[in-house]
Amino acid sequence: MSRLIIVSNRVSTPSATGAQGGLAVALQAALREYRGIWFGWSGETTEQFDGRINFQRVEGVTTATIDLEEQDVEEYYNGYANRTLWPLFHYRIDLAEYERGFAGGYQRVNDRFADTVLPLIEPDDVLWVQDYHMFPLGQALRDRGCANRIGFFLHIPWPPRRLLATLPEAAELTRTLLAYDVVGFHTEEWLDAFRDFAVVELGATEQDGVLRLDGRSVRLLVDPIGIDAQEFITASRSTPARLMFRRMREAAVGRDLIVGVDRLDYSKGLEERFLGYERFLQEHPEERKEVTLLQIAPPSRGTVESYQRIRSSLEGMAGRINGAYADVDWVPIRYVNQGYSRDMLAGIYRAARIGLVTPLRDGMNLVAKEYVAAQDPEDPGVLILSRFAGAAAQLDVGAVLVNPYSAEEMSDAIILALKMPLNERIERWRAMMVNVEAEDVLWWRQRFTDALEAVAV
Ligand code: ADQ
């Protein structure tokens with residue numbers, strides 16, 4: 001069997017506390033199976049880039065990390081990745097910043113990755129590159145003579161052609177993806193958008209899922225990521241989960257809980273969610289003291305201005321809505337800015353009658369799947385899910401789908417979920433759970449590595 005080399009912006013080492021996401025755990029399991037290496041940025045900076053690799057071996061997983069220069073981090077990570085590609089790929093061209101310095105730094109760091117990882121690659125190794133930080137890495141490796149099988153998986157959406165066209169480097173960037181052998185997306189929609197750009201703007205041709213351009217061919221794959229469902233079910237029965245469940249139910253004093261759990265990010269639709277909830281309070285005064293919205297949103301990417309803005313905007317909105325509707329014995333929104341362990345999250349999800357997952361755009365959204373996995377089969381809650389999350393393509397079998405831009409739809413969905421009879425809740429939950437269990441993170445990983453191994457060298 002070939003060795004697997006995973007390359008991503010950041011690397012996750014196995015942790016004894018179990019505080020990791022399903023993705024990290026699944027990739028580590030793959031690395032153990034394939035005797036591989038996980039390569040990426042250490043998160044640290046150095047005065048002068050020297051390509052020194054720090055190897056670590058923890059619980060059978062080898063990680064290899066490099067430090068980057070301050071300017072690299074500024075241009076590549078805070079710049080091109082977080083201020084150019086992330087907003088653009090989430091359809092927010094109003095927030096996207098187009099700076100040649102960012103683009104240059106992005107390419108430089110990808111070249112640095114290529115230079116440092118290349119000597120580690122053996123002839124039969126298979127490489128798997130993760131996410132939008134690393135689009136040009138495959139091309140950079142090919143330019144250096146790497147003939148190995150290389151796959152790429154995009155964790156975020158691919159934007160529609162006419163939006164992508166606003167990026168000065170759009171054609172160049174898309175073309176670099178042709179250097180890979182397999183390119184994976186969460187949904188048909190993101191894959192279609194990629195193919196559309198490649199065909200219309202670059203003149204590529206496509207047949208039977210294989211895209212061809214200038215003598216290169218790449219297999220396009222829809223491979224929706226899942227969670228480690230079994231682990232999450234176990235987590236929901238753990239002691240921390242039970243304690244958290246009890247705390248939540250006690251704090252709710254008989255009221256129904258609606259819960260939202262997100263990284264604090266403008267793509268997650270938090271402002272729209274608050275407005276939708278406010279609309280619900282306006283339209284259903286009889287429900288006012290019957291529910292509480294708990295929004296958990298730990299800050300992320302705090303050095304980027306658009307993230308500071310959303311943070312203060314949400315604080316203002318929560319304050320305003322609470323000011324308008326709260327009473328001495330009730331607040332409508334509890335807004336919490338911290339992260340919780342997976343066990344505790346499982347308890348929080350289980351205590352919530354409604355999981356409110358309403359991103360404006362999301363590659364997949366794993367919170368939706370975690371919410372489903374954590375439910376009590378005898379008395380499950382209702383998932384309200386944005387139709388613009390990748391997860392909607394699988395969970396439409398049981399979720400209440402909403403347009404997150406419509407406060408009215410969100411209000412209607414909340415009242416529908418609150419009034420939903422037990423038998424319907426169970427039926428909807430079961431339909432979703434079948435998918436969450438079958439198409440889990442191991443299934444996702446296997447589907448990708450199978451596609452990659454099937455490529456003729
Ligand atoms: P993210 O945008 O980070 O990931 P998501 O898929 O929702 O989004 O995953 C977030 C993870 O962080 C979940 O596992 C969740 O439990 C955890 N988390 C969130 N808030 C937390 C809190 N307060 N405390 C502890 N944990 C918390 C990107 C893409 C997604 C895609 C994933 C995987 O943007 O669309 O689903 O990658 O491909």
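**Two sheets and a domain interface**

Ile 5 stands opposite Leu 127 of strand 5. This is a predicted model, and that pair is a good place to enter it. Strand 1 covers residues 4-10 and strand 5 covers residues 126-130. The two run parallel and are joined by 4 bridges. In general, the strands of a sheet pair through backbone hydrogen bonds, in either a parallel or an antiparallel way.

Now widen the view to the whole sheet. It is open and has 10 strands, with mixed pairing. Read across, the order is 3-4-2-1-5-6-7-10-9-8. Strand 3 (54-58) sits at one edge and strand 8 (205-207) at the other, each pairing on one side only. Neighbouring strands of this sheet are turned against each other by 25° on average, direction ignored.

Helices cover parts of this sheet. Take strand 1 again: helix 3 (residues 100-117) packs on the sheet and touches strand 1, strand 2 (37-46) and strand 4 (61-69). The direction of helix 3 makes about 125° with that of strand 2. Helix 7 (residues 188-202) also packs on the sheet. Its contacts are strand 7 (182-185), strand 8, strand 9 (210-213) and strand 10 (216-222). Against the direction of strand 10, helix 7 makes an angle of about 155°.

Helix 3 has a further link, this time through charge. Side chains of opposite charge can pair when their charged atoms come close. Arg 108 forms a salt bridge with Asp 72, and their closest N and O atoms are 3.0 Å apart. Arg 108 belongs to helix 3 and Asp 72 to helix 2, so the pair ties together parts that lie 36 residues apart in sequence. The structure holds 38 salt bridges.

Next, the second sheet. It too is open, with 6 strands in the order 13-12-11-14-15-16 and parallel pairing. Its edge strands are strand 13 (333-336) and strand 16 (400-402), and each of them pairs on one side only. Between neighbouring strands of this sheet the average turn is 20°, direction ignored. At the strand 16 edge, 3 bridges join strand 16 to strand 15 (residues 382-386), and the two run parallel. Here Leu 385 has Leu 401 as its bridge partner in strand 16.

Helix 15 (residues 407-419) packs on this sheet. It touches strand 11, strand 12, strand 14, strand 15 and strand 16, and its direction makes about 170° with that of strand 16. Helix 10 (residues 270-283) lies across strand 11 (256-261), strand 12 (291-296), strand 13 and strand 14 (354-357). Helix 10 runs at about 175° to strand 12.

Finally, step back to the domains. The domain assignment gives domain 1 as 4-226 + 441-453 and domain 2 as 229-438. Taken over C-alpha atoms, their centres are 30 Å apart. How many residues of each domain are in contact with the other? Domain 1 has 26 residues in contact with 23 of domain 2. Together the domains bury about 1800 Å², with 61% of that on carbon and sulfur atoms.

Polar links also cross this interface. There are 5 residue pairs in polar contact and 1 salt bridge. On the domain 1 side, helix 2 (70-89) and helix 7 each supply at least two residues that touch domain 2. Helix 2 gives the most, with 5 residues.

Key:
Residues numbered from 1 in each chain as written. Predicted model: local features only at pLDDT ≥ 70, side-chain atom pairs only at ≥ 80, totals over all residues. Heavy atoms only, no water. Pairing = 2+ DSSP bridges. Axes fitted to C-alpha atoms, helices over the stretch in contact; angles between N-to-C directions. Contact = heavy atoms within 4.5 Å. Domains from an automatic or database assignment. Buried area = accessible area lost by both parts, 1.4 Å probe. Salt bridge = Lys/Arg side-chain N within 4 Å of Asp/Glu carboxyl O. Polar contact = N/O pair within 3.5 Å; in protein donor to acceptor, adjacent residues only side chain to side chain.
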